[in-house]
Amino acid sequence: MAKLLIDADGCPVVDLAIATAQRFQLPILLLCDTAHDMQREGAETITVSKGADAVDFVLVNRVKKGDVVITQDYGLAAMVLAKQGYPIDQNGRIYSAENIDQLLHGRHVAKKIRQAGGRMKGPKKRRPEDNENFEKNLVNLLEKITANSER
């Protein structure tokens with residue numbers, strides 16, 4: 001059975017994701033570090049020590065084929081794809097083999113610009129439509145996964 005894993009550090013849709021996954025009766029794992037420790041009813045929380053990418057490594061070691069992972073980290077999304085999971089971000093973008101290379105390249109270019117002293121725009125302010133889009137795409141993804149597992 002598939003499960004939902006949430007890279008919960010700084011994730012603005014934790015409660016919405018839990019409510020949606022519960023409708024599909026999926027087990028839910030929240031992964032966070034000690035600086036963001038959180039507990040939610042209906043979800044198991046795994047808290048790891050603070051450290052660069054500590055949550056990412058624990059999460060990727062737990063993901064199995066067919067699992068859904070909520071993350072805004074492109075590197076983690078790429079590793080989830082390699083394990084045949086389904087990564088989705090907090091705005092409802094589903095990461096895929098078709099878009100991950102471009103996203104990783106963009107991240108690399110932005111890092112180079114910052115290292116050279118340049119500045120990049122931060123993310124746009126979150127809007128209610130972002131939550132609606134996330135929920136719609138998560139439901140579509142979970143329906144697809146549920147339909148495939150019933151075959």
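User: I am new to this structure. Is Asp89 buried or exposed?

Analyst: This is a predicted model, so every value here is computed from it. Asp89 is buried, with a relative accessible area of 3%. The cut-off for buried is under 20%.

User: Which residue does the side chain of Asp89 meet in a salt bridge?

Analyst: The partner is Arg93, and the N to O distance is 3.2 Å. Arg93 itself is partly exposed, at 32% relative accessible area.

User: How many salt bridges does a search of the whole structure find?

Analyst: The search finds 6. One of them is formed by the side chains of Arg23 and Glu135, at 3.3 Å from N to O. Arg23 belongs to helix H1 (residues 14–23) and Glu135 to helix H5, so this pair ties together parts that are 112 residues apart in sequence.

User: Where do Arg23 and Glu135 stand in terms of accessibility, buried or exposed?

Analyst: Arg23 has 51% relative accessibility and counts as exposed. Glu135, at 28%, counts as partly exposed.

User: Which residues are joined into one network by salt bridges that share partners?

Analyst: Start with one pair. Asp130 forms a salt bridge with Arg127, and their closest N and O atoms are 3.4 Å apart. Shared partners join Arg127, Glu129 and Asp130 into one network. Within it, Asp130 is buried at 14% relative accessible area, while Arg127 is partly exposed at 45%.

User: Now the pockets. How is empty space found?

Analyst: A probe the size of a water molecule is rolled over the atoms, and this shows where empty space is left. In this model, the largest pocket holds about 840 Å³ of space. It is lined by 23 residues, and the closest to its centre are Gln72, Tyr74, Gln90, Arg93 and Pro123. Arg93 is thus a residue to look at twice: it lines this pocket, and its side chain meets that of Asp89 in a salt bridge.

User: Which helix gives the largest share of that lining, and what classes of residue does the lining of the largest pocket have?

Analyst: Helix H4 (residues 100–115) gives the largest share, 5 residues. By class, the lining has 11 charged, 7 nonpolar and 5 polar residues.

User: What is the volume of the second largest pocket?

Analyst: Its volume is about 210 Å³. The lining consists of 14 residues, with Ala2, Leu26, Ile145, Thr146 and Ser149 closest to the centre. Helix H5 (residues 128–149) gives the most to this lining, with 5 residues. Sorted by class, the lining has 8 nonpolar, 5 polar and 1 charged residues.

Conventions
Residues are numbered from 1 along each chain as its sequence is written. This is a predicted model: local features need pLDDT of at least 70, side-chain atom pairs count only at pLDDT 80 or more; totals for chains, interfaces and linings use all residues. Side-chain values use heavy atoms; hydrogens and water are left out. On a 1 Å grid over the protein atoms alone, a cavity is a set of points where a 1.4 Å probe fits but cannot get out, and a pocket is an open set with protein on both sides within 12 Å along at least five of seven lines; lining residues have an atom within 4 Å of a point. Grid points are joined across faces, edges and corners, and a volume is the space filled by probe spheres set on the points. Helices (H or I, at least four residues) and strands (E, at least two) are DSSP runs, numbered from the N terminus. Ala, Val, Leu, Ile, Met, Phe, Trp, Tyr, Cys and Pro count as nonpolar, Asp, Glu, Lys and Arg as charged, and the others, Gly among them, as polar. A salt bridge is a side-chain nitrogen of Lys or Arg within 4 Å of a carboxyl oxygen of Asp or Glu. Buried means under 20% relative accessible area, exposed over 50%, partly exposed in between (1.4 Å probe, protein chains only).
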